[in-house]
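Let's take a walk through a protein model together, one stop at a time. Have the sequence and the 3D view ready, and follow along.

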Protein chains: 2
Amino acid sequence: MSEVPPIEPIGGEALYEGSQFSVCRKRFRHADGEVVQREFVRRMPAAAIVAYDDEHVWLVRQPREAISQYTLELPAGKLDVEGESPLQTAQRELAEEIGQEAEHWEAVRSYYSSSGYSDELVHIFAATGLRPSDTEPDPGERIEIVHWPLADLDGALAATNDAKTVVGLQWLRTVV
Amino acid sequence: MSEVPPIEPIGGEALYEGSQFSVCRKRFRHADGEVVQREFVRRMPAAAIVAYDDEHVWLVRQPREAISQYTLELPAGKLDVEGESPLQTAQRELAEEIGQEAEHWEAVRSYYSSSGYSDELVHIFAATGLRPSDTEPDPGERIEIVHWPLADLDGALAATNDAKTVVGLQWLRTVV
């Protein structure tokens, strides 16, 4: 790999502060001395789970108002509990969204959703050895749990248009 | 698939207008009558290209100030030219970023980057039969063209943390 020069943040300001994300304008100095200015979204990281047993991968179908669609997705949630690690968030979300806990956890990969304008980082885990969790699931209204057959992962990939779910299911296709 | 109820937009307002994206607050009525309010980012769609020949996939390494990192990515760009289709954007970006045109184009898939807070849609195409384009590449400063061996796609997947690139390379691994 080529040598990667540093990108030095040298100040900036908030442009918008919302409850779900914020927008800032910041200046950065590149190694060649040039200073550039960028506006981008600051968004809390998230964790998503590829939870599967011998026959199914456990997905959720939920409304995404920003795109006016219901989407088929991996269970997931934001790292919005102070001090929680990505794995702990994944474990909490698995219980809350589909009412399961898992014996085995594996870090699949992390990625930035769209780093041209956002700093959102998503951590994907695989969870196996599923069993009902002590806590009742609280997936919220209008969220449906979907057991999709492992034998039809291509069908699931055709039925979703959600980034984390595409990444997770394409990975799952290589291991089952 | 279950019946998917409609999500009806019933008004809203702009909260922030930037040159690269905007933020809005909108209200939506669900089929059960409940009205919810959401704040989200509106962002132009993008097109990305999995361009490969018999030996290499053509990538770019570029600074992403929002995450203060250089990232290894598919060539890509926004659909920011009036009237241009996603395929036309992909063809333009392939020439501008890596100075190539392609004989064969295939739509790989489209996905939403993170529809919990953004409407950004990314279209991924595969391009083969590469040859130098008439137009000189104009990748911009600090953008490096990287020829990654097809024999080491796992290495490329380990070296990138960019969503579109993960999706595109996972797909490429199934076809080469």
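## From a pair of strands to a shared interface

Start in chain A, where strand β1 (residues 7–17) and strand β2 (residues 22–30) run antiparallel and are joined by eight bridges. Keep in mind as you look that this is a predicted model. To get from β1(A) to β2(A), the chain goes through a hairpin of four residues. Want one rung of this ladder to look at? Pick A:G12, whose bridge partner in β2(A) is A:K26.

Next, move along chain A to A:T160. This residue sits in the loop between α2 (153–159) and α3 (163–173) of chain A. Is A:T160 buried or exposed? Its relative accessibility is 4%, and buried means under 20%, so A:T160 counts as buried.

Now see what the side chain of A:T160 has around it. One of its polar atoms lies 2.5 Å from the backbone oxygen of A:L72. On the backbone of A:D162, the nitrogen lies 3.2 Å from a polar atom of that A:T160 side chain. If you set aside the neighbours within four places in sequence, A:T160 is in contact with A:L72, A:T165, A:V166 and B:R109. Notice the letter on that last name: B:R109 belongs to chain B, and it touches A:T160.

That takes us to the place where the two chains meet. Here, 59 residues of chain B are in contact with 59 residues of chain A. The size of an interface is often given as the accessible area lost when the parts come together. For chain B and chain A, that comes to about 5300 Å², with 56% of it on carbon and sulfur atoms. Which three residues supply more of chain B's buried area than any other three? They are B:E65, B:Y112 and B:Y117, which supply 13% of the area that chain B buries against chain A.

There are charged and polar links here too. Six salt bridges are counted between chain B and chain A. One to find on screen is between the side chains of A:D32 and B:R142, at 2.7 Å from N to O. Across the interface, 27 residue pairs are in polar contact, with both residues at pLDDT 80 or more.

Finally, which parts of chain B do the touching? Several elements each supply at least two residues to the side that touches chain A, including β1 (7–17), β8 (100–112) and α2 (153–159) of chain B. The largest share, six residues, comes from α3(B). Sorted by class, this side of chain B has 26 nonpolar, 16 polar and 17 charged residues.

Terms used:
Residues are numbered from 1 along each chain as its sequence is written. Chains are lettered from A and ligands numbered from 1 in the order in which they are written. This is a predicted model: local features need pLDDT of at least 70, side-chain atom pairs count only at pLDDT 80 or more; totals for chains, interfaces and linings use all residues. Side-chain values use heavy atoms; hydrogens and water are left out. Buried means under 20% relative accessible area, exposed over 50%, partly exposed in between (1.4 Å probe, protein chains only). A polar contact is a pair of N or O atoms within 3.5 Å; within protein, one must be able to donate a hydrogen and the other to accept it, and residues adjacent in sequence count only if both atoms are side-chain atoms. Contact means heavy atoms within 4.5 Å. Buried area is the accessible area (1.4 Å probe) that two parts lose on being put together, summed over both. A salt bridge is a side-chain nitrogen of Lys or Arg within 4 Å of a carboxyl oxygen of Asp or Glu. Ala, Val, Leu, Ile, Met, Phe, Trp, Tyr, Cys and Pro count as nonpolar, Asp, Glu, Lys and Arg as charged, and the others, Gly among them, as polar. Two strands pair if DSSP finds at least two bridges between them.
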